[in-house]
Amino acid sequence: MNIAPTDFMPLYEPSKRRLTFPNGSIATTFSADEPNRLRGPQFHWAICDELAAWNRAENALDMLLMGVRLGVDPRIAISTTPRPLKVIRELLDDPSCVVVRGSTYENRANLAPKWLTDIISKYEGSRLGRQELEGEILDDVPGALWKRDMIKSITKAAEAFRRVVVAIDPAVTNVDGSAETGIVVGAVGESGQFYVLDDLTVSASPDGWARQAVTGYYKYKGDRVVGEVNNGGDMVEHTVHTVDSNVPFKKVHASRGKAARAEPIVALYEQGRVAHIGVFRYLEDQMASWVPGIGNSPDRVDALVWCLTELLDGGSGEWGFDIA
């Protein structure tokens, strides 16, 4: 509505999520988080924004494709960062899909000069820069423990959960440039299938991350919170219990390196025994890009490993852990 000419201003009806233009054309807005709303309506064309960020991308796109069926040449235009997701790779392989690539540099005229300078100086030439600035689809990182095609996303679990765990990998400090506090919620079903329910990772004070973890515990009806105590000692448990003394807490202590701790969890992904309920962009990017011994400590991955390890028979020592 901000860019519509004054003689072609649409009528906006928020309750109907609808724009009606003077020539009778109608545009309706939808959220990709609610794919079932696309059942029934039909369209001449559709515009999709940031497909790579949709939590339910495959399901929502499937429902949309069913409805774009009016006129002689219905079309869909999709704009997105080209993350190496299954849904995006399938589109690129589709002969009916026309691909147009653009870079941030082509959009200089519309960007604040200082932002452009700062971002380019920080990310130009990096993997993140190649993806976000140049529009490249990046393949798996050599040496990374997880491959993209190992990470399976579903819309919901088809079974009841036997246990639900919230895991915390606490940051040592809370200053600019500090690592985030990894917080991941996971579950194991009655069949023995594992699920990642949420990534609640935050950059916050101890009180802030403890409240985030406790909120996740209640939201997902958790059985317990587990926290790594190598760096924080009893501080982690104390901080959680300061927020809520009723939350069951278990201390876990790393007796082996990160790669050794992660290997049994990677094996679960290789066997197809872990599913993500939704898409957790930052967690999945860290999983697919972390090479042991290189770069920063993988806070989200650490929390994921602690979470699924606890769900593996209560984090028994056979998986290479000493449980404090």
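This passage describes two helix pairs and the nonpolar cores of a predicted model.

We can begin with helices α5 (residues 206-219) and α6 (residues 235-243), which pack at an angle of about 65 degrees with their axes 9 Å apart. Since angles of 65 to 115 degrees count as roughly perpendicular, α5 is therefore roughly perpendicular to α6. The crossing of α5 past α6 is right-handed. On the α5 side, the contact is made by Pro-206, Asp-207, Trp-209, Ala-210, Arg-211 and Val-214, and α6 answers with Met-235, Val-236, Thr-239, Val-240 and Val-243. Sorted by class, the residues of this contact comprise eight nonpolar, one polar and two charged.

A second pair is formed by α1 (residues 57-67) and α2 (residues 86-93), whose axes lie 9 Å apart at an angle of about 45 degrees; the two helices are therefore oblique to each other. Here Ala-57, Glu-58 and Leu-61 of α1 meet Lys-86, Val-87 and Leu-91 of α2. Four nonpolar and two charged residues make up this contact, with no polar ones.

Turning to the interior, the largest nonpolar core holds 31 residues, of which Trp-146, Tyr-269 and Leu-304 touch the most other members. At least two residues of this core come from each of β7 (161-169), β8 (182-189), β9 (194-199), α7 (258-270), α8 (281-289) and α9 (299-311). Helix α9 gives the most, with eight residues. Beyond its neighbours within four places in sequence, Leu-304 is in contact with Trp-146, Val-184, Val-196, Tyr-269, Leu-283 and Met-287. Another core, of 22 residues, lies apart from this one and includes Tyr-195, Leu-197, Ala-213 and Val-247.

Note on methods
Residues numbered from 1 in each chain as written. Predicted model: local features only at pLDDT ≥ 70, side-chain atom pairs only at ≥ 80, totals over all residues. Heavy atoms only, no water. Axes fitted to C-alpha atoms, helices over the stretch in contact; angles between N-to-C directions. Helix = DSSP H or I, 4+ residues; strand = E, 2+ residues; numbered from the N terminus. Parallel < 35°, antiparallel > 145°, perpendicular 65-115°, else oblique. Left-handed = near helix turned anticlockwise from the far one by under 90°. Contact = heavy atoms within 4.5 Å. Nonpolar A, V, L, I, M, F, W, Y, C, P; charged D, E, K, R; others polar. Core = buried A, V, L, I, M, F, W, Y, C linked by side-chain atoms within 4.5 Å. Buried < 20%, exposed > 50% of the residue type's maximum accessible area, 1.4 Å probe, protein only.
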